[in-house]
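Please set out how the secondary structure elements of this protein are arranged, and how its charged and buried side chains are placed.

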Amino acid sequence: MSDASWEKFGHLPAAGKPWERFFWTQYGGDHGPGLELLHTGPGKRVLELGMGKGDNLALVARTGASAVGVDISAPQIEAARERFGGLIEAHHGRAEEYLSGREAEFDSIYSVFGAVWFTDPAVLLPLVRRALKPGGRFAFSHLPPSGECPGPHEYDLYGPGDELLTVTRWCFRPYLWEEKLRAAGFASAAGQRLPCPKDRQTIGTLVVQATV
């Protein structure tokens, strides 16, 4: 999907009131893990790749951490700044461009259905690895891959104006993400597919964690 297409998606309405819980999955309530997957708190520096309108990042900031986010959509960034003001540090641009040249800067980096899903891991993962401090954590989530064929895959979506858009997603099974993370220099990596809530008959969520 082009940068212009992401701009159109960014004009979708913002959520109502700010979230009260950190979400890795597409379901509400108490489904899935929360902030415990990250290093947060006073003195920590945390980066979100594909921050959207900033709800998860604001929760990171409320732990006392320096909360930094990047998103390819200018409308998303504007909405996040309007909603959370100086609580977060928001940057407009591509994740790989923001990370380029950064070294040992963050205690945690994460992405929730964000840039990790839409960026070539051969490009992104080494940049994430270099940007993390020793002992730093990297975590991300996206939908489980469909079928047996690993990503990348192209999907056709309809945008806000009913225009047809094509997006490329990198969807891999947990063991493949683990292999790619270790190849990028991470000391450990573990992925799992979380089942959907018991009252829902749909797919679960893939959650992957890695440490430096």
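The report below takes up the overall make-up, the sheet, the helices and the salt bridges in turn.

This is a predicted model, in which local features need pLDDT of at least 70 and side-chain atom pairs count only at pLDDT 80 or more, while totals for chains, interfaces and linings use all residues. Residues are numbered from 1 along each chain as its sequence is written, and side-chain values use heavy atoms, with hydrogens and water left out.

**Overall make-up**

The protein has 7 helices and 9 strands, where helices (H or I, at least four residues) and strands (E, at least two) are DSSP runs numbered from the N terminus. Of its 212 residues, 49% are buried; buried means under 20% relative accessible area, exposed over 50%, and partly exposed in between, with a 1.4 Å probe and protein chains only. The protein exposes about 9900 Å², of which carbon and sulfur atoms supply 51%, the areas coming from the Shrake-Rupley method with a 1.4 Å probe. Taking contact as heavy atoms within 4.5 Å, 64% of the contacts between residues at least 6 apart in sequence join residues at least 24 apart.

**The sheet**

An open sheet of 7 strands, with mixed pairing, follows the order β3-β2-β1-β4-β5-β9-β8; two strands count as paired if DSSP finds at least two bridges between them. Because β3 (89–92) and β8 (188–194) stand at the edges with a single partner strand each, one side of each is left without a neighbour in the sheet. From one strand to the next the twist averages 15 degrees, with axes fitted as lines to C-alpha atoms, for helices over the stretch in contact, and angles running from 0 to 180 degrees between N-to-C directions. Within the sheet, strands β4 (residues 106–112) and β5 (residues 132–142) run parallel and are joined by 6 bridges, and Ile-109 has Phe-138 in β5 as its bridge partner.

**Helices against the sheet**

Helix α3 (residues 74–84) lies across β2 (66–71) and β3, running at about 165 degrees to β3. Helix α7 (residues 174–183) packs on the sheet as well, where it touches β5, β8 and β9 (205–211), and its direction makes about 160 degrees with that of β8.

In helix α6 (residues 121–131) the buried residues are Pro-121, Leu-124, Leu-125, Leu-127, Val-128 and Ala-131. They cover an arc of only 165 degrees around the axis, which puts them on the same side of α6; the arc is that of the directions from the helix axis to the C-beta atoms. These buried residues of α6 pack against β1 (45–49), α4 (95–99), β4, α5 (115–118), β5 and α7.

**Salt bridges**

Side chains of opposite charge can pair when their charged atoms come close. With a salt bridge defined as a side-chain nitrogen of Lys or Arg within 4 Å of a carboxyl oxygen of Asp or Glu, the count comes to 5, and the table gives some of them.

| Pair | N to O distance |
|---|---|
| Arg-83 and Asp-55 | 2.7 Å |
| Glu-105 and Arg-102 | 3.2 Å |
| Glu-96 and Arg-94 | 3.9 Å |

The pair of Arg-83 in helix α3 and Asp-55 in helix α2 (residues 55–61) links distant parts of the chain, 28 residues apart. Arg-83 is partly exposed, with a relative accessible area of 23%, whereas Asp-55 counts as buried at 6% relative accessibility. Arg-94 is partly exposed at 31% relative accessible area, and Arg-102 is partly exposed at 24%. Arg-102 and Glu-105 also belong, together with Arg-45, to a network of salt bridges.
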